[in-house]
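Me: I would like a close look at the enclosed space inside this protein, at what surrounds it, and at how the neighbouring parts are held in place in the model. Please take it step by step and connect the details where they belong together.

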Amino acid sequence: MNRRTLLASFSLLALAACGGAKTNDGKTLTIAATAVPHAEILESIKPTLAKEGVDLQIRVFNDYVQPNLQVEQKQIDVSYFETKPYLDQFNASRGTHLVTYAGVHVEPLGAYSRKWKSIAQIPNGATIAIPNEPSNGGRALLLLQKAGLITLRNPTNPLSSLNDIATNPKNLQFKELEGATLPRTLGEVDLALINTNYALDAKLNPVRDALAIEDKNSPYVNFVVGLPGGEKDPRVVKLIAALRSPATKTFIEQHYRGAVLPAF
């Protein structure tokens with residue numbers, strides 16, 4: 001199945017993703033994911049899980065809020081789309097009780113531009129678009145610091161905000177926007193900091209197109225997440241084993257060619 005066919009099927013699934021209770025037949029496991037790369041990776045392990053008696057039902061979302069809310073409300077069993085800093089901030093702000101089960105991959109955050117070919121070309125007064133939620137916004141600022149465009153008061157704080165910028169020698173102007181919309185702003189801003197799932201969905205190649213990108217040592221691992229105790233569910237145990245298998249590692253390395261990195 002090619003990516004276009006996969007995305008078309010994911011879009012149909014997404015129509016049903018926002019409603020309906022989960023199935024409790026002992027075989028079906030529902031999982032919330034974003035389309036790229038999470039749902040693609042999950043699609044690759046469905047045959048393996050089917051042989052082990054698990055019917056994996058992938059419910060695709062295009063935002064980072066509803067998946068967690070539906071897992072918290074027990075409408076969906078688990079999710080696979082987020083980093084621990086994001087989850088920690090989400091739990092703190094929403095009063096949810098979700099925990100990480102197992103890390104699977106890293107999606108290096110990248111800085112993209114349609115106007116400039118290198119970070120060195122970014123002009124004085126340039127407009128920079130970053131994600132508007134704390135964990136990915138802080139992550140974007142850390143990458144801008146690494147690229148030499150700004151410095152932060154605490155150079156290692158993953159939740160740094162615009163108020164934490166210590167020096168901004170080029171007088172950069174910042175726009176905080178919803179992550180999913182960032183690829184569409186590339187014609188309007190000088191630089192946009194985009195999560196890899198949204199970059200891939202917009203046909204951007206992080207390895208080729210990013211002017212700056214996190215390296216393989218990025219702490220922003222994407223986790224399978226659920227409610228406390230759910231990691232002991234035999235279906236979830238099988239899911240995690242399949243996601244962290246040598247076959248999945250090979251799939252990630254060959255399919256994404258550095259745009260997504262195994263974290264196991």
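Reply: The structure, which is a predicted model, holds one cavity of 30 Å³ or more. About 120 Å³ of space lies in this largest cavity, and 14 residues line it, the closest to its centre being Tyr 64, Phe 81, Thr 83, Asn 136 and Asn 195. Among the elements around it, β3 (78-83), α5 (134-146) and α6 (196-201) are those that give two or more residues to the lining. By character, the lining residues divide into three nonpolar, eight polar and three charged.

From the cavity it is a short step to Arg 139, which lies in helix α5, one of the elements that give two or more residues to the lining. At 3% relative accessibility Arg 139 counts as buried, because buried means under 20%. Leaving aside residues up to four places away in sequence, Arg 139 touches Thr 83, Glu 107, Pro 108, Leu 109, Pro 158, Asn 195, Glu 214, Ser 218 and Tyr 220. Two of these names, Thr 83 and Asn 195, have already appeared among the residues closest to the centre of the cavity.

The start of β3 leads to the salt bridges, of which a search of the whole structure finds five. In one of them the side chains of Arg 235 and Asp 77 meet, with 4.0 Å from N to O. Arg 235 lies in helix α8 (residues 234-243) and Asp 77 in the loop between α3 (66-72) and β3, so this pair ties together parts that are 158 residues apart in sequence. Both Arg 235 and Asp 77 are buried.

The other end of β3 brings us to helix α4 (residues 84-94), where Lys 84 and Asp 88 are four residues apart and are therefore separated by about one helical turn. Lys 84 forms a salt bridge with Asp 88, the closest N and O atoms being 2.9 Å apart. In contrast to the buried pair of Arg 235 and Asp 77, Lys 84 is partly exposed, with a relative accessible area of 38%, and Asp 88 is partly exposed as well, at 39%.

A further salt bridge joins the side chains of Asp 209 and Arg 208, again with 2.9 Å from N to O. Here Asp 209 is partly exposed, with a relative accessible area of 23%, whereas Arg 208 is exposed, at 59%. Salt bridges that share partners also join Asp 77, Asp 233 and Arg 235 into one network, which places the pair of Arg 235 and Asp 77 described above in a wider setting.

Elsewhere in the chain, Pro 262 has its place in strand β13 (residues 261-262) and is partly exposed, with a relative accessible area of 22%. Pro 262 and His 105 are 157 residues apart in sequence, but their C-alpha atoms are 4.4 Å apart in space. Besides His 105, the residues that Pro 262 touches are Val 104, Lys 249, Ile 252 and Glu 253, not counting residues up to four places away in sequence.

Some points of the backbone also deserve a careful look. Most residues other than glycine have a negative phi, and most peptide bonds are trans. Against that background, the peptide bond from Val 36 to Pro 37 is cis, with omega near 0°, and Pro 37 has its place in helix α2 (residues 35-51). Asn 171, in the loop between β8 (165-167) and β9 (173-177), has a positive phi near 50°, and at 47% relative accessibility Asn 171 counts as partly exposed. Lys 203 likewise has a positive phi, of about 65°, although it is not a glycine; Lys 203 is found in the loop between α6 and α7 (206-209) and is exposed, with a relative accessible area of 57%.

As for the confidence of the prediction, the mean pLDDT of the chain is 91, and 91% of its residues reach 70 or more. Over residues 4-21, however, the pLDDT is below 50, and this stretch has 26 contacts in the model beyond near neighbours in sequence.

Notes. Residues are numbered from 1 along each chain as its sequence is written. This is a predicted model: local features need pLDDT of at least 70, side-chain atom pairs count only at pLDDT 80 or more; totals for chains, interfaces and linings use all residues. Side-chain values use heavy atoms; hydrogens and water are left out. On a 1 Å grid over the protein atoms alone, a cavity is a set of points where a 1.4 Å probe fits but cannot get out, and a pocket is an open set with protein on both sides within 12 Å along at least five of seven lines; lining residues have an atom within 4 Å of a point. Grid points are joined across faces, edges and corners, and a volume is the space filled by probe spheres set on the points. Ala, Val, Leu, Ile, Met, Phe, Trp, Tyr, Cys and Pro count as nonpolar, Asp, Glu, Lys and Arg as charged, and the others, Gly among them, as polar. Buried means under 20% relative accessible area, exposed over 50%, partly exposed in between (1.4 Å probe, protein chains only). pLDDT is the predictor's confidence in each residue, from 0 to 100. Contact means heavy atoms within 4.5 Å.
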